[in-house]
Each structure stands twice: as C-alpha cells, then as structure tokens.
Amino acid sequence: HKKGLMQQLFPREGETQPRLRFPEFRDAGEWVEKKLEEITPAVFDGTHQTPTYTLEGVPFFSVENLISGNANKFISRDDYLLATKRNKPEKGDILLTRIGKIGYSQVVTWTHEFSVYVTLAVIKQSRMFDSHFLSYFVQSEFYQSELRARSLPNAVPPKINLDSLRSTKVLLTNTGEQQHIADCLNSLDFLIYAAIQELETLKIHKRGLMQQLFPTAEAVEV
C-alpha cells in the first residue's frame, strides 16, 4: 500500500507533478526541478580510513546500519574529531547509502554526536526542503532512476561518486505540501512498524505453543 501510494504522491519520470495531491494543494502548480547541490549547503561522505573500533565512545555508522539495522560500532573521540573536522553530520541531515546498496536513506533524528564511514553520504538539511520529505523522495521511482543512471556501471561494489550524486535531479513542491506528504508516509511507517512487532510476537507465541504441542526428544527416548 505504501509503495503504491508513493507512486501517486511523487511525480513519475518525465513528469513534473504527482498523480495524487491533497485537496488544498491541487492548484499549487507543478513541482520545481533542481539539482541536489542547489538545494542543500553540502553533500559529503564519511571518513575514507577504516577507524580503530572501541568498546564504547562515539557511535560510528556505515551502510550496514541503514540496510540491515545492525547495531553501530564505536570510535574514540579523537578519531571522531579528526573525521568530522571539515564536515559533521547533525540532527536533521539525511544519511544516504552510496556504496554497495545504493539509495537507502534515513533522517538523523537524534542529537548525540556520531560519525559515518565513506559508504554513506550526508545531505545537509536546508530551509528549501523538509528532511523527511526528501528522504521519502529518495525512495521514489523518479530518484531511484536518477541514482541508477549516474552510478558507476562496472564498479564492484556498486557506487555513485559524490559529484554525480550532487548532480542528481530532485523535484520540490512548496514546504506545506512537503510536510503533508512526509506526515502521511510517516504514519504508514508507524503502522508498518507496529505490524512487524505484532508479527514477531505471534511468531514467539507460535514457537512456544509448538514446544507444548509436540513431544520433546527426551520424552521420545523415555
């Protein structure tokens, strides 16, 4: 349902307005096409050096955290200060996978310090867009097609260079419509999360019930 709704809420390739609009924005006109670098103060990646991991310290994120939900690793504060000397990811920015699995995104919703690896790009927040809206737009067919067209075709693992990423085309509407779209899709994400949690609870219940309904190996031997 979410995928189908996103196809309606975001313009398709070759179009400049979506098929479905909220009533108050039906006369708002076409969306504006911009390059990514034109709507954000900066697009940068993380450190290119594999750091020395520590048992605790400053959280360190890579592509695996966004794709698989793996727990983050940690680096020392000295390594963090060195890695973020020129650019620092902060709350409101968008993390985007650019090496390996390209095109997954997540909005930074936390305030604590953290650092990222070269596999992630950071899109700095801007007044021109709602960060949650842009993160959802990244998942649209329009933008995923942009990423595929500008990625290195023969690279192993697959990747998109920062200059190519900065040149990708995005479509923006007014901030009010952006907020409505983000709120709508966010509410669906909440329902999806709740459904996943319920499914996991049912799986645990099923496993426990099966242990009661079927004899154990020890009981069979007796």
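Colleague: Let's start with Glu177: is it buried or exposed?

Modeller: Glu177 is buried, with a relative accessible area of 1%. Keep in mind that this is a predicted model.

Colleague: And which residue does Glu177 form a salt bridge with?

Modeller: The general idea goes like this: side chains of opposite charge can pair when their charged atoms come close. Here, Glu177 pairs with Arg21, and the closest N and O atoms are 2.7 Å apart. The two residues belong to distant parts of the chain, with Glu177 in helix α8 and Arg21 in the loop between α1 and β1, 156 residues apart. Arg21 counts as buried too, at 8% relative accessibility, because the cut-off is under 20%.

Colleague: How many salt bridges does the structure hold?

Modeller: There are 10 salt bridges. One of them joins the side chains of Asp189 and Lys2, at 2.6 Å from N to O. Asp189 sits in helix α8 (residues 175-213) and Lys2 in helix α1 (residues 2-9), so this pair ties together parts that are 187 residues apart in sequence. Asp189 counts as partly exposed, at 25% relative accessibility.

Colleague: What about Arg166 and Asp163, where do they lie?

Modeller: Both are in helix α7 (residues 162-166), three residues apart, which is about one turn of the helix. Their salt bridge has its closest N and O atoms 2.9 Å apart. As for accessibility, Arg166 is partly exposed at 21%, while Asp163 counts as exposed at 56%. Elsewhere, salt bridges that share partners join Glu90, Asp93 and Lys124 into one network.

Colleague: Back to α1 and α8. How do their axes cross?

Modeller: Two packed helices are described by the angle between their axes and the distance between the axes. In this model the axes of α1 and α8 come within 11 Å and cross at roughly 175°. That makes α1 roughly antiparallel to α8.

Colleague: Which residues make the contact?

Modeller: From α1 it's Lys2, Leu5, Met6 and Leu9, and from α8 it's Ile181, Cys184, Leu185, Leu188, Asp189 and Ile192. By type, the contact of α1 with α8 has eight nonpolar residues, no polar ones and two charged ones. Lys2 and Asp189, listed in this contact, are also the partners in the 2.6 Å salt bridge.

Colleague: Met6 caught my eye. What is Ser140 in contact with, leaving aside its neighbours within four places in sequence?

Modeller: With those neighbours left aside, Ser140 is in contact with Met6 and Phe10. Ser140 lies in the loop between α5 (131-138) and α6 (141-150), and it counts as buried at 3% relative accessibility.

Colleague: On to the strands. In what order do the four strands of the open sheet come?

Modeller: Strands of a sheet pair through backbone hydrogen bonds, either parallel or antiparallel. The order here is β2-β9-β6-β7, and the pairing is antiparallel. The edge strands are β2 and β7 (105-107), each pairing on one side only. From one strand to the next, the twist averages 25°.

Colleague: How many bridges join β2 and β6 to β9?

Modeller: Strand β2 (residues 43-45) is joined to β9 by three bridges, and strand β6 (residues 94-97) by four. On the β2 side, Phe44 stands opposite Val122 and Val43 opposite Ile123. On the β6 side, Thr97 has Leu120 as its bridge partner in β9.

Colleague: And which residues of β9 are on each side?

Modeller: In a regular strand the side chains alternate between the two faces of the sheet. For β9 (residues 120-123), Leu120 and Val122 are on one side and Ala121 and Ile123 on the other, and all of them are buried, with both faces covered. A helix comes in here as well: α5 lies across β6, β7 and β9, running at about 170° to β7.

Colleague: Last one: does β4 pair with β8 in the parallel or the antiparallel sense?

Modeller: Parallel: β4 pairs with strand β8 (residues 115-116) over two bridges. With strand β5 (residues 73-75), β4 pairs in the antiparallel sense over three bridges. Phe60 takes part in both pairings, standing opposite Lys73 in β5 and having Ser115 as its bridge partner in β8. Within β4 (residues 58-61), Val58 and Phe60 point one way, Pro59 and Phe61 the other way, and all are buried.

Key:
Residues numbered from 1 in each chain as written. Predicted model: local features only at pLDDT ≥ 70, side-chain atom pairs only at ≥ 80, totals over all residues. Heavy atoms only, no water. Salt bridge = Lys/Arg side-chain N within 4 Å of Asp/Glu carboxyl O. Buried < 20%, exposed > 50% of the residue type's maximum accessible area, 1.4 Å probe, protein only. Pairing = 2+ DSSP bridges. Axes fitted to C-alpha atoms, helices over the stretch in contact; angles between N-to-C directions. Parallel < 35°, antiparallel > 145°, perpendicular 65-115°, else oblique. Contact = heavy atoms within 4.5 Å. Nonpolar A, V, L, I, M, F, W, Y, C, P; charged D, E, K, R; others polar.
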